[in-house]
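Let's work through a few short exercises together. Have the sequence and the 3D view ready, and try each task before you read its solution.

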Amino acid sequence: MTTTIFDSPLGLVRVTGDEAGVSAISCVDVSPDEAVSTPTNLPQPVEQAVVQLTEYFAGTRQSFDFLMNPAGTTFQQTVWKALLDVPFGTTLSYLALTRRIGDEKAIRAVAAANGKNPLWIVVPCHRIIGSNGSLTGYAGGLWRKKWLQEHERGGSGQLSLF
């Protein structure tokens, strides 16, 4: 596995993968001085992920097509595939996502699988909200979830304090 870290409007982003695909994308809460240096010969899926995420942050990309290889249970994989069907710039409640999967009683398991999503932004767990419209849990922090939703709705991309 190869890991690279690059800067984004939301802080440092870590991308991990190999020729079989990208296995993890996450935000990293360390200073650039603490970050691991970027390898020069990245596997193609990792290099493509960095390019496509950079385009996403620039506002020129709405979907991703690099090779992905996230590890998870069969149920988690089902939830993550369902997340890929939530359109850019929209939101969906946890309950609606659970109904799409076909088991309304599994809402807690769906929420847990959503929280274990290893492919930050690309598998758009940030588009899932509470039934009342609230920004509920997000591994990268609610401020990032809010920024991502505003960015996808054509917001300024500026972080706000309020």
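**Exercise 1. Decide whether T16 is buried or exposed, then describe its surroundings.**

Step 1. T16 has a relative accessible area of 14%. Buried means under 20%, exposed over 50%, and partly exposed in between, using a 1.4 Å probe and protein chains only. T16 is therefore buried.

Before going on, note that this is a predicted model, in which local features need pLDDT of at least 70, side-chain atom pairs count only at pLDDT 80 or more, and totals for chains, interfaces and linings use all residues. Residues are numbered from 1 along each chain as its sequence is written, and side-chain values use heavy atoms, with hydrogens and water left out.

Step 2. Find T16 in strand β2, residues 11–18. Helices (H or I, at least four residues) and strands (E, at least two) are DSSP runs, numbered from the N terminus.

Step 3. Beyond the neighbours within four places in sequence, T16 is in contact (heavy atoms within 4.5 Å) with M1, T2, T3, V22, S23, A24 and V46.

**Exercise 2. Find the residue that UniProt lists as "active site" and describe where it sits.**

Step 1. The unreviewed UniProt entry lists C125. Such positions use the numbering applied here, feature names are shortened, and annotations may be inferred rather than shown by experiment.

Step 2. Look for C125 in the loop between α4 (107–115) and β5 (128–129). C125 counts as buried because its relative accessibility is 8%.

Step 3. Setting aside neighbours within four places in sequence, C125 touches L83, N114, N117, Y138 and K145.

**Exercise 3. Work out why the largest pocket lies between two domains.**

Step 1. On a 1 Å grid over the protein atoms alone, a pocket is an open set of points with protein on both sides within 12 Å along at least five of seven lines; lining residues have an atom within 4 Å of a point.

Step 2. The lining has 17 residues, and G115, N117, C125, A139 and G140 lie nearest the pocket's centre. β3 (21–28) and α4 are the elements that give two or more residues to it.

Step 3. Domain 1 (2–58) and domain 2 (74–153) both contribute lining residues, so the pocket lies between them. These bounds come from an automatic or database domain assignment.

**Exercise 4. Say what stands out about the phi of I121.**

Step 1. Most residues other than glycine have a negative phi.

Step 2. I121 has a positive phi, near 70°. I121 is in the loop between α4 and β5, and is buried at 1% relative accessible area.

Key:
1 Å grid on protein atoms, 1.4 Å probe; cavity = no way out; pocket = protein on both sides within 12 Å on 5 of 7 lines; lining within 4 Å.
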